[in-house]
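Colleague: I am new to this protein and would love a short tour. Could you show me the model and then take my questions?

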Amino acid sequence: MARAFLIVIDSVGIGGAPDADQFFNGDLPDTGANTVAHIAQTAGLDVPVMDALGLGAAVTLASGDVAPGLGADPTGAWGAAREISRGKDTPSGHWELAGVPVPWDWHVFTDKQNSFPENLVAQICAAAGTEGILGNCHASGTAIIEQEGAAHVRSGWPICYTSADSVLQIAAHEEHFGLDRLLQLCADIAPTLHAMKVGRVIARPFAGDVGSFARTANRKDFAIAPPAPTICDYVHQAGRKVHAVGKIGDIFSMRGIDDLRKGRDVALMGHIDDLVDTAEDGAFVFANLVEFDSEYGHRRDPAGYAAHLAWFDRRLGQILPRLRPDDLLIVTADHGNDPTWPGTDHTREQVPVLVHGLGARALGPLQFVDVAASIAAHLNVEYDGEGQSFL
């Protein structure tokens, strides 16, 4: 029985979103952002496996740009997908890839300083058992830990920050504050944030000593549950196994998911590799590799981003020959995060849809929701969500 693998390489956009002028990094619209093309231009790209699947062709389809070094004649099926949800964030992108566009506008905290309203701050303090919070601003996750980490260790106050995304992030030291305490704090306040239509409360634990703090792999996202059934639900309801790799379980609130495997990207690729051998007949494997976004996109590191893409490409090349003849594997993304772009936020871009298992085929312009419809068609499960199959 056929299986399906969906790998989201987080933030690997290919430019060309027609509404990019409505999304901003600071005062600069995202018009012209192109994660893959600009990395190729500034740092070079060595991704022959994805290029053979159609990455370079997808970049040109989406944006008209020709990415240096990506000129293969595709042997896979390839296209460029557009998002209709009014966001350039993780939940919007993943939900829509799973067949559910976001039906509301997300609430964002627009003030760069004193970002959170007093009643919300009071609720955080009550849940944390502290007299105050640190941060309360727009910030980079690594920078805010460097700035406030020592004060956090002294006071025990949680570090709370946000960004242009619909999110409240809380950083705390795993030992001095406690990992379980941080996770409970986020779980306790998440319903209030979700009622405000804030997409995620994210626990951001870190460890180490003053001057050498580092975030750990124990991040956990507390996300609003999707408002309608996703491809995970449809596959699960059909009696098939759904395996989540990375933060997929958090994004979908574990709904329709049988098995969750977490870790850093190196470990996650190991889990995907294992599932190629062990996933059951008819199974769906849904994976997210977040470090393209968190480690290199937000930190505006083109060289590091290029190296991570090259690493993923090598691992993908080891996986593809071991897939079964009737397996379908799709590599895509959820938004952009151009590391050459001003600012530190996501960029509104189209994303590649690279498919192994359909032969060489130009899929043309696509919608995010077409990915879910195609997986349902491949697995032959009932599907009432949005999108059209490209099979």
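Modeller: Here are a few questions and answers about the annotated sites and one helix pair.

Modeller: This is a predicted model, where local features need pLDDT of at least 70, side-chain atom pairs count only at pLDDT 80 or more, and totals for chains, interfaces and linings use all residues. Residues are numbered from 1 along each chain as its sequence is written, and side-chain values use heavy atoms, with hydrogens and water left out.

Colleague: How far apart are the end C-alpha atoms of residues 3-382?

Modeller: UniProt, in an unreviewed entry, places the feature "domain: Metalloenzyme" at these residues; such annotations may be inferred rather than shown by experiment. The span is 37% helix and 20% strand. Its end C-alpha atoms are separated by 15 Å.

Colleague: Are the "binding site" residues gathered or scattered?

Modeller: The unreviewed UniProt entry gives this annotation to Asp-10, Asp-334 and His-335. They span 326 residues in sequence, yet no two of their C-alpha atoms are more than 7.2 Å apart, so they are gathered at one spot.

Colleague: Is Asp-334 buried or exposed?

Modeller: Asp-334 sits in the loop between strand 14 (328-332) and strand 15 (351-356); strands here are DSSP runs of E with at least two residues, and helices are runs of H or I with at least four, both numbered from the N terminus. Buried means under 20% relative accessible area, exposed over 50%, and partly exposed in between (1.4 Å probe, protein chains only). With a relative accessible area of 0%, Asp-334 is buried.

Colleague: Which side chain makes a polar contact with the side chain of His-335?

Modeller: His-335 also belongs to the loop between strand 14 and strand 15, and is buried at 1% relative accessible area. A polar contact is a pair of N or O atoms within 3.5 Å; within protein, one must be able to donate a hydrogen and the other to accept it, and residues adjacent in sequence count only if both atoms are side-chain atoms. At 3.4 Å, the partner is the side chain of Asp-10.

Colleague: Are helix 1 and helix 12 roughly parallel or roughly perpendicular?

Modeller: Helix 1 (residues 35-42) and helix 12 (residues 302-319) have axes 9 Å apart and pack at about 105°. Axes are lines fitted to C-alpha atoms, for helices over the stretch in contact (heavy atoms within 4.5 Å), and angles run from 0 to 180 degrees between N-to-C directions. Angles under 35 degrees count as roughly parallel, over 145 as roughly antiparallel, 65 to 115 as roughly perpendicular and the rest as oblique. Helix 1 and helix 12 are therefore roughly perpendicular.
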